[in-house]
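This briefing covers selected parts of one protein model. Please keep the sequence and the structure in view while reading.

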Amino acid sequence: MSRPAQRQDAALRNPSRRHFLAAGSLTVSFSLWPGAAALAQQGKQATEAGAPSALDAGTAKLPGDLTGTPMLDAWIRIDEQGRITVWTGKAELGTGIRTAFTQIAAEELSVPFEAVHLVTADTAVTPNEGYTAGSHSTADSGTAILNAAAQVRVLLVGSAAGKLGVAADTLKLRDGVISAPDGRTLSYGQAVSGLDLHRRAEPRSELVDPKQHRVIGQSRRRLDIPGKVTGGASYVQDMRLPGMVHARMVRPPSYGAVLTGVDSAAVEKMPGVVKVVRDGSFLAVVAQDEWQAIQAMRALTEAARWQESASLPTPATIHDTLMKLPRQEIHVGDRHGETMPAAKTLHARFTKPYLAHASIGPSCAVAQFDAQGKLTVWTHSQGVFPMRGALSELLAMKPEDIRCVHVEGSGCYGHNAADDAGAEAALIARAVPGRPVRLQWMREHEFTWEPFGPAMVTDVKASLDASGRVVDWHYEIWSNSHNQRLDNAGRFISAQYLAKPFTPAPPKPIPMPEGGGDRNSLPLYNFANYNVEHHFLPDMPVRVSAMRGLGAYMNVFTIESFMDELAAAAGADPVEFRLRHLDDPRGRDVVQLAAKKFGWDPKRKRVPNRGVGFSFAQYKNLMSYLALAVEVSIVPETGEIRIERAIAAIDCGQVVNPDGVRNQVEGGILQSASWTLYEQVQYDAQRIRSYDWSRYPIMRFSDVPRKVEVHIIDRPGAPFLGTGEASQGPAPAALGNAIADATGRRLRGLPLAAGRRLKEYNQS
């Protein structure tokens with residue numbers, strides 16, 4: 001068994017008997033509380049919709065995801081040997097939450113960091129926290145762990161007071177040892193004996209004073225890094241189970257193609273082939289080892305005959321096509337106030353292509369049907385509970401007979417093909433019961449069949465008064481859905497190709513304030529008048545879904561690029577112009593800090609082929625604040641863009657692990673810069689043509705900024721705001737503004753370095 005699987009199973013000796021032991025050790029169990037899983041999901045849905053859940057009826061709202069899963073023993077386990085296990089329904093996606101959550105629990109339980117064992121998303125044992133997405137992990141699950149741990153600490157101290165016969169406020173606690181004034185001590189294992197922690201959390205907790213923090217706020221080495229950098233078994237791609245076989249899919253050549261025939265006899269006789277699996281247009285092969293599976297897949301691909309019917313839009317006019325599609329009109333927001341008359345009006349339109357997740361490791365899953373007909377799927381899905389629900393429908397099984405265990409995948413960033421790989425592994429495993437089946441996608445399949453980030457169009461018009469203030473702002477968005485996650489089995493791509501196909505649930509917008517295509521479309525600036533409209537496009541010319549940041553990437557790019565255009569029209573410095581329109585003190589703090597650390601000079605004169613740019617946003621207008629300044633140089637003969645330096649300032653509330661925050665911001669800047677400069681999905685009238693790295697180039701090491709700095713404003717005791725996606729929007733805007741400064745030409749169509757665009761500016 002791989003190390004990821006071992007780590008999960010170490011805490012799950014008997015998942016069917018998760019209950020309190022008579023001696024008082026405490027474990028998580030949804031069976032202890034009938035209906036808890038359903039109520040947890042109801043609570044999650046209610047929270048996402050901005051409504052109170054059934055759990056909160058008539059009570060004060062609980063902190064974070066305690067709202068959906070309010071029992072303390074759903075989050076914390078301490079046995080009589082003092083072993084501490086913390087449970088989270090969130091998945092480690094490379095963002096460092098395993099380390100951060102361990103720090104949070106260690107701080108509030110007053111134990112060493114090394115004393116806490118964290119178990120992540122597993123439908124057999126962890127709380128149902130929906131998807132790990134939207135920078136919500138620390139804000140929701142971290143907050144739940146913070147408060148659950150604090151309340152468990154208080155109960156342990158109270159239990160110790162009773163056992164020692166002293167007042168609780170006379171006890172001291174350090175490193176998991178409770179000490180009485182007379183020198184007597186109790187360990188946590190002794191204190192928990194006989195203590196029933198199967199109780200509902202309270203709305204308020206006695207949190208450790210931030211001034212006393214010893215673990216929170218300190219940089220800790222990531223728990224997941226050693227295995228990754230030393231070649232250890234770290235990812236689901238690395239899993240090897242006893243008796244495991246390997247599978248590969250044979251993909252249709254294009255969307256909607258129908259398998260009209262296949263002669264599999266020769267393939268079935270190939271060395272190592274265990275089985276050819278066919279169900280309608282679903283076609284796969286299982287072999288003893290991976291290379292045998294790949295060879296058999298290639299032979300089976302040659303033997304398959306398909307009828308194609310796909311008709312994709314013309315790439316050169318895709319944005320015109322989007323604007324003509326049927327649409328659902330969504331009024332995002334408006335404001336109406338008194339202003340001075342408009343003296344100058346500007347108008348611009350911005351465009352974004354389809355983007356691929358381009359995960360470094362192709363999607364993978366391992367699935368096994370046991371002798372009792374139970375299914376286990378090891379998956380890098382971002383939502384193991386939604387996946388279990390969709391698999392239940394796909395396979396006509398009871399949810400309780402399916403266990404989905406999250407194991408990291410080598411690449412993520414949104415709704416890539418992880419869910420699809422899990423479903424395909426399950427379908428194939430059903431055909432070879434008893435054998436673990438490892439199904440990994442091929443690189444060309446990952447590129448051509450994953451859900452892409454949607455193409456978008458934004459249109460903005462604004463006016464300035466004579467003093468250089470914005471007096472009105474009109475903003476429009478055209479976008480497909482940014483969320484085609486597992487509402488039903490039909491969202492699995494292969495489910496649509498079965499003999500009895502499943503129909504995907506219809507696309508639907510994500511309501512604000514979080515939003516989908518309209519995420520971050522409401523201006524954070526103090527414009528007296530604004531109007532924002534979202535033209536939601538249900539019809540999808542190509543397969544799309546969630547990508548890191550959703551619509552925030554495009555909307556912040558547009559808003560912050562246009563703020564620079566307005567600043568130029570007003571004859572103002574871009575940073576001063578933003579501050580002129582920004583009232584939020586925390587927003588002002590990050591803008592001023594980024595400008596200071598960058599050495600922003602309001603009197604700087606434009607230097608040809610070298611430019612600086614600035615941008616600012618608060619993710620979703622309710623999470624982390626981030627400001628970014630960049631400097632670029634351009635080689636006019638080739639159009640090559642070099643990012644000389646990128647200096648960011650972030651306010652993400654209370655900081656758990658400063659290195660983790662810097663890691664996320666730096667990674668977001670680099671990924672977003674890659675999207676902005678280079679990336680776009682290639683396709684023609686029939687097929688997706690970006691099927692390898694040469695046809696979908698990403699940022700290389702040689703293109704990485706020469707210098708990246710992240711300056712953190714820590715606010716101890718403040719709510720966690722999340723950092724994972726904070727830099728996705730500011731990065732393209734800062735780059736676009738720097739390029740405009742270097743060239744004197746504003747580029748509004750992404751990617752900015754496509755073709756010969758930057759070579760042309762010298763000739764125009």
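The points below deal with two sheets, the helices packed on them, two residues and the cavities.

The model is predicted. One open sheet has three strands, and another open sheet has four. The structure also holds 10 cavities of 30 Å³ or more.

**Three-stranded sheet**

- The strand order is β1-β2-β3, and the pairing is mixed.
- The edge strands β1 (76-78) and β3 (116-119) each pair on one side only.
- On average, neighbouring strands of this sheet are turned by 20° against each other, direction ignored.
- Four bridges link β2 and β3, which pair in the parallel sense.
- Helix α3 (residues 97-109) lies across β2 and β3 and runs at about 135° to β3.
- Helix α4 (residues 137-164) also packs on the sheet, where it touches β1 and β2. The direction of α4 makes about 35° with that of β1.

**Thr85**

- Thr85 belongs to strand β2 (residues 84-87).
- Across the strand pair, Thr85 stands opposite His117 in β3.
- Thr85 counts as buried because its relative accessibility is 6%, the cut-off being under 20%.
- Apart from neighbours within four places in sequence, Thr85 is in contact with Trp75, Ile76, Arg77, His117 and Val119.

**Four-stranded sheet**

- The strands are ordered β21-β22-β23-β24, with mixed pairing.
- β21 and β24 (707-712) stand at the edges with a single partner strand each, so one side of each has no neighbour in the sheet.
- Neighbouring strands of this sheet are turned by 15° against each other on average, direction ignored.
- Strand β23 (residues 640-651) runs parallel to β24, and six bridges join the two.
- Within this pair, Arg645 has Lys707 in β24 as its bridge partner.
- Helix α15 (residues 585-598) packs on the sheet and touches β21, β22 (625-635), β23 and β24. The direction of α15 makes about 35° with that of β22.
- Helix α17 (residues 730-743) packs on the sheet as well, touching β21, β22 and β23. The direction of α17 makes about 155° with that of β21.

**Ala733**

- Ala733 is part of helix α17.
- With a relative accessibility of 0%, Ala733 counts as buried, because buried means under 20%.
- Not counting residues up to four places away in sequence, Ala733 touches Val556, Phe557, Glu560, Ser561 and Ser615.
- Ala733 and Asn555 are 178 residues apart in sequence, while their C-alpha atoms are 9.5 Å apart in space.

**Largest cavity**

- The largest cavity holds about 100 Å³ of space.
- Helix α13 (552-569) and strand β21 (610-618) each supply at least two residues of its lining.
- The residues that line the largest cavity are Asn520, Leu522, Pro523, Leu524, Tyr525, Val556, Ile559, Glu560, Phe616, Ala617, Gln618 and Asn621.
- By class, this lining has eight nonpolar, three polar and one charged residues.
- Val556 and Glu560 belong to the lining of the largest cavity, and Val556 and Glu560 are also among the residues that Ala733 touches.
- β21 thus appears in two settings: it is an edge strand of the four-stranded sheet, and it supplies residues to the lining of the largest cavity.

Notes
Residues numbered from 1 in each chain as written. Predicted model: local features only at pLDDT ≥ 70, side-chain atom pairs only at ≥ 80, totals over all residues. Heavy atoms only, no water. Buried < 20%, exposed > 50% of the residue type's maximum accessible area, 1.4 Å probe, protein only. Contact = heavy atoms within 4.5 Å. 1 Å grid on protein atoms, 1.4 Å probe; cavity = no way out; pocket = protein on both sides within 12 Å on 5 of 7 lines; lining within 4 Å. Points joined across faces, edges and corners; volume = space filled by probe spheres on them. Nonpolar A, V, L, I, M, F, W, Y, C, P; charged D, E, K, R; others polar. Pairing = 2+ DSSP bridges. Axes fitted to C-alpha atoms, helices over the stretch in contact; angles between N-to-C directions.
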